Amino acid sequence: MSVRHPSERKRLQGIAVSPGIIIGKSHLVDRSSVKILYQYLINDKQLHREVERFEAAVATTEQQLNSLKHQLPNHVREHAYILDSHTLILKDSMLKDSTIKRILSEKINAEWAIKKSLEEIRRIFEQIQDVYIRTRIDDVENVCERILRNLAGENQPSLAHINGRVIIVAHDLSPADTTELNISRVMGFITNVGGRTSHTAIMAQALEIPAVVGLESATAEVEEGDLLVVDGNTGEVIINPDDNDIILYQERQLQYEKYKSSIAKAGLLPAETLDGHRITVKANIEFLEEVAAVRDHGGEGIGLYRTEFLYLRSKGLPSEEELFEDYREVAEIMSPAPVTIRTLDLGGDKFASALDISKEMNPALGLRAIRFCLKEKEIFKTQLRAIYRASAYGHVHLMFPMISGLQEVLDAKRILEEVKEDLDRENIPYDPQIQVGIMIEVPSAVALADLLARHVDFFSIGTNDLIQYALAIDRVNEHVAGMYQPFHPAILRMIQQVVDAAGKAGIGVSLCGEMAGDPLCIPILLGLGITELSMNSRSIPAIKRVIRAISMEEALKDFHTVGMLATTREIKDFISGRMKDILPDLDMQKHLDA
């Protein structure tokens, strides 16, 4: 094994998850997984004691999470929902009840039972198509890790007591870890694993400290006390930088601070082009608790409310009342701004325990989203009732995901009519004028956009899945992820076709995929005729700044040029060049959470 010389300069590339640039000394933190040293069978007399041992560890874990929640500083208190979600996971039947059942039926020790439960949960999550939801398995693993430490009697050292101004280097950090960071001492962090949509990334952004994850070998390459440059805008990390590196990144630090100041103001301004065209900028959310951030960042409504969390947190089904209370609160807080609620976008694999549904070879193309809801009508009707009831308390829109043909729309609307009739019969108030739309994320829906437009009130283009299905690219497959290209000419033509069909039918059209939050895509989207965008709330200020720096006339001219280009590279190079002229600091903003 070779030993690296302490002063050797090395460059690593990871995933930028929280913007900013820092230069400082490293501090290595051991957050490696607990080793399960013993997996053993137990006899009947030991079963009760082993269950009690497991439940005691769960209770201790819950106390720790509650303690961390109550200690959250004010500026990140709005993200307490992350720790709440960990507490829900802790009590979830998929974890708690399943582990106890394994201890009793298989007569194995608690550690082994937890490991088996986690493996089963991981198999379920791996089949979920939505990347954002699929990465929630990280939270389950964080919770299991904490239970295992409590079973082993290990005290996980608190990060709150770190001395000196340092950059944390760890294999991984949980959201609970990040809540303990003292930002007067911790400048930022880098980790071997992680992704853009993890709750750890969200906490880093809330704390406004630079972070880079997914470096793979950071803990092996970095030694305690090494000087590091961490670029949270590009994902670059330099170990033991030379003088030229330090000068260069100090200049970039200053540039970034100026940029950060300029976009903070942009979030509170209207998204209006130089020639007076108003663009509506909304936010995508997953949790009720994210609503405050939408308003703080200048969101003009919620363009996509993912509703899967209440279903994912339990093996059972959430009640109508539970769903209603959640939707009502979001509608009330955002009122009079609109809230577009997407109906359930999960597959039968999630409900395999409650329903007689067989495993699927390819759940991304199987019984999921609207297909699942049309098959399981009672589950669907329960959610629709909750949404319609919530519409009496705010400005609610309803949206069906993964529509592939007209019959699905007709079938879904027929069920909607049944729900409305039931509510009328029960004298339950709702908005009779609620708008009903569909997501365009399947190529067949693009081809049939003109027919579909006659039966709905609006379209919402979900570019994440549309790009994936149209280009046959799994964007989380490391071998082909680089081919996931929003600038692909075929994708732009598809968006154009949908916009044209909506325009002829006189219905609204918005775009809620990652393209909406990518500053480089904005000129093309405006040129295509998109006038409503929905994105991660943190992206809103940067996107508004881009919109306010260009004119619709320029965007239309640029799109005409783009239409004559044949390759993704040509299109991207053209747009990059144009945007550098308009916004020289674009390289700073394009790495924000899009």
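## A buried lysine and its surroundings

Lys381 is buried, because its relative accessible area of 15% falls under the 20% cut-off. The model that shows this is a predicted one. Where along the chain is Lys381 found? Lys381 is part of helix H15, which covers residues 377-390. Which residues does Lys381 contact, once neighbours within four places in sequence are left aside? They are Ile415, Glu418, Val419 and Asp422.

**The whole chain**

Now step back. The chain has 594 residues, and 57% of them count as buried. It holds 25 helices and 16 strands. Take the contacts with a separation of 6 or more: residues 24 or more positions apart account for 71% of them. The chain exposes about 25100 Å². Carbon and sulfur atoms supply 51% of that exposed area.

**An open sheet**

Eight strands form an open sheet. Their order is E1-E8-E7-E3-E4-E5-E6-E2, and the pairing is mixed. Which strands sit at the edges? They are E1 (10-13) and E2 (15-18), and each pairs on one side only. From one strand to the next, the twist averages 30°.

Look inside the sheet at E4 and E5. E4 spans residues 166-170, and E5 spans residues 186-191. The two pair in the parallel sense, over five bridges. One bridge joins Ile168 to its partner in E5, Phe189.

Helices lie across this sheet. Helix H8 (residues 199-207) crosses E2, E5 and E6 (211-213). Helix H10 (residues 243-266) crosses E1, E3 (21-29), E7 (227-231) and E8 (236-239). The table gives an angle for each helix.

| Helix | Residues | Strand for the angle | Angle |
|---|---|---|---|
| H8 | 199-207 | E2 | about 50° |
| H10 | 243-266 | E3 | about 110° |

**An enclosed strand**

Strand E16 covers residues 532-536. Four of its five residues are buried, so E16 is largely enclosed by the rest of the structure. Which strand pairs with E16? Strand E9 (residues 280-285) does, in the parallel sense and over five bridges. Within this pair, Val281 stands opposite Leu533.

**Two nonpolar cores**

Leu533 also belongs to the largest nonpolar core, which has 136 residues. Which members touch the most other members? They are Ile147, Phe400, Phe459, Ile495, Leu525 and Leu533. Helix H20 (residues 489-505) gives the most to this core, with eight residues.

Leu525 shows what such a residue meets. Leave aside its neighbours within four places in sequence. Leu525 is then in contact with Ile495, Leu511, Met515, Ala516, Ile530 and Leu533. Another core lies apart from the largest one. This other core has 17 residues, among them Val29, Ile162, Leu173 and Ala204.

**Helix H6**

Helix H6 runs over residues 137-152. Is H6 largely enclosed or open, and why? Of its 16 residues, 13 are buried, so H6 is largely enclosed by the rest of the structure. Its length can be checked too. At 1.5 Å a residue, the 16 residues should span 22 Å. The end C-alpha atoms are 22 Å apart, which agrees. What follows H6? Gly153 does, with a positive phi near 75°.

Note on methods. Residues are numbered from 1 along each chain as its sequence is written. This is a predicted model: local features need pLDDT of at least 70, side-chain atom pairs count only at pLDDT 80 or more; totals for chains, interfaces and linings use all residues. Side-chain values use heavy atoms; hydrogens and water are left out. Two strands pair if DSSP finds at least two bridges between them. Axes are lines fitted to C-alpha atoms, for helices over the stretch in contact, and angles run from 0 to 180 degrees between N-to-C directions. Contact means heavy atoms within 4.5 Å. Buried means under 20% relative accessible area, exposed over 50%, partly exposed in between (1.4 Å probe, protein chains only). A nonpolar core is a set of buried Ala, Val, Leu, Ile, Met, Phe, Trp, Tyr and Cys residues joined through side-chain atoms within 4.5 Å. Accessible areas come from the Shrake-Rupley method with a 1.4 Å probe; for residues, only the protein chains shown count as cover. The expected span of a helix is 1.5 Å times one less than its number of residues.
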